[in-house]
Amino acid sequence: MAETGHVIPRESPKKMRVTFPDGEVICYKRVVNTFIDTIKKIGPERVASLGLEVRHHPLVSREKIGLFKDNSRPIDDEWYVITESDTAQKYLQLNSISTQLGLGLNIEMAESFDEYEKSQRAVVRKEKAPLTVSFPDGDVFSEAVPRDTFLKAIAKIGPERLAQKGLVCLGRQIVTRFKKYPNQIEVARNQWVTIYSTTADKVKVLKYIKDRLDVDLTCSME
């Protein structure tokens, strides 16, 4: 990895906090979770394109690396990241990613960010809240992962219909003809669905679709 110019204390602090230019802060009790979620927000594809390696294996890849079976962690359903490193190394890796992609991340290390961690844990519980979407014909979608519920609801409504309308919600087009944003999944040829980050955002999008297209559906979070 190229020299980043960042100075690391001799004794690596136990915690790490990452602040994005848009104001979002990622900081968990475990550094590995901060590391994984930061890469998830940046976009695994973008990070993978940099070609960063760990012991001659890609840092981020679509396959779980056997050599790192205990330290090859899923970022999402498609991507894995090697987490076999200490806090200082993760700090350097994220700084390198930020520099190469021009992200302007503010990455901090300290013994504790206790006050923020408490509030962040509350946010995480909210983001992982189950999502249920019901339709009048009896179809009910409530998967273990809210993203999967969202995708099934979009499939029911019709991605092609959404793409034709060009509906935009929360600053992003819901379905595009080509990959326009990092957090999109191709559900069919020329149909890319935007995956909004929180469960609450997914509900907002579905309710927006309901109002704009007069789709009869009900959303709930538990």
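The chain folds into 7 helices and 16 strands, and what you see here is a predicted model. Of its 222 residues, 44% count as buried. The accessible surface amounts to about 12300 Å², with 47% of that belonging to carbon and sulfur atoms. To get a feel for how the sequence folds back on itself, take the contacts between residues at least 6 apart in sequence: 52% of them join residues at least 24 apart.

A good place to start looking is strand 15, which belongs to an open sheet of 3 strands in the order 13-15-14, with antiparallel pairing. Strand 13 and strand 14 stand at the edges with a single partner strand each, so each has one side without a neighbour in the sheet. Let us take the two partners of strand 15 in turn.

On one side, strand 13 (residues 175-176) is joined to strand 15 by 2 bridges, and the two run antiparallel. You can find this pairing by looking for Val-175, whose bridge partner in strand 15 is Val-193. Strand 14 (residues 184-188) also pairs with strand 15 in the antiparallel sense, here over 4 bridges. Two positions help you trace the pairing: Ala-188 has Gln-191 as its bridge partner, while Gln-184 stands opposite Thr-194. Strand 14 and strand 15 form a hairpin with 2 residues between them, and Asn-190 in the turn has a positive phi of about 65°.

Now look at the side chains of strand 15. In a regular strand, side chains alternate between the two faces of the sheet. Here both faces are covered: Gln-191 and Val-193 lie on one side, Trp-192 and Thr-194 on the other, and all of them are buried.

Just beyond this strand comes Tyr-196, in the loop between strand 15 (191-194) and helix 7 (199-213). This residue leads us to the aromatic rings. How many aromatic pairs does a search of the whole structure find? There are 2. One is made by Phe-135 and Phe-141, whose ring centres are 5.9 Å apart with 70° between the planes, an edge-to-face arrangement. Both partners are buried, Phe-135 with a relative accessible area of 9% and Phe-141 at 15%.

In the other pair, Phe-150 meets Tyr-196: the centres are 6.2 Å apart and the planes stand at 75°, so this pair is edge-to-face as well. Phe-150 sits in helix 5 (residues 146-157), 46 residues from Tyr-196, and the pair thus links distant parts of the chain. Phe-150 is buried with a relative accessible area of 0%, and Tyr-196 is buried with 5%.

Phe-135 has another neighbour to notice. The charged end of Lys-156 sits over the ring of Phe-135, 5.6 Å from the ring centre. Elsewhere in the chain, the charged end of Lys-41 sits over the ring of Phe-20, 5.0 Å from its centre.

Finally, a word on the cysteines. A disulfide is a covalent bond between the sulfur atoms of two cysteines. A search of the whole structure finds 0 disulfides. Cys-27 is buried, with a relative accessible area of 0%, and Cys-169 is buried too, with 7%.

Key. Residues are numbered from 1 along each chain as its sequence is written. This is a predicted model: local features need pLDDT of at least 70, side-chain atom pairs count only at pLDDT 80 or more; totals for chains, interfaces and linings use all residues. Side-chain values use heavy atoms; hydrogens and water are left out. Rings of Phe, Tyr and Trp (its six-membered ring) pair if their centres lie within 6.5 Å; planes under 30 degrees apart count as stacked, over 60 as edge-to-face and the rest as tilted. Buried means under 20% relative accessible area, exposed over 50%, partly exposed in between (1.4 Å probe, protein chains only). A charge sits over a ring if NZ of Lys or CZ of Arg is within 6 Å of the ring centre and within 35 degrees of the ring normal. A disulfide is a pair of cysteine sulfur atoms within 2.5 Å. Contact means heavy atoms within 4.5 Å. Accessible areas come from the Shrake-Rupley method with a 1.4 Å probe; for residues, only the protein chains shown count as cover. Two strands pair if DSSP finds at least two bridges between them.
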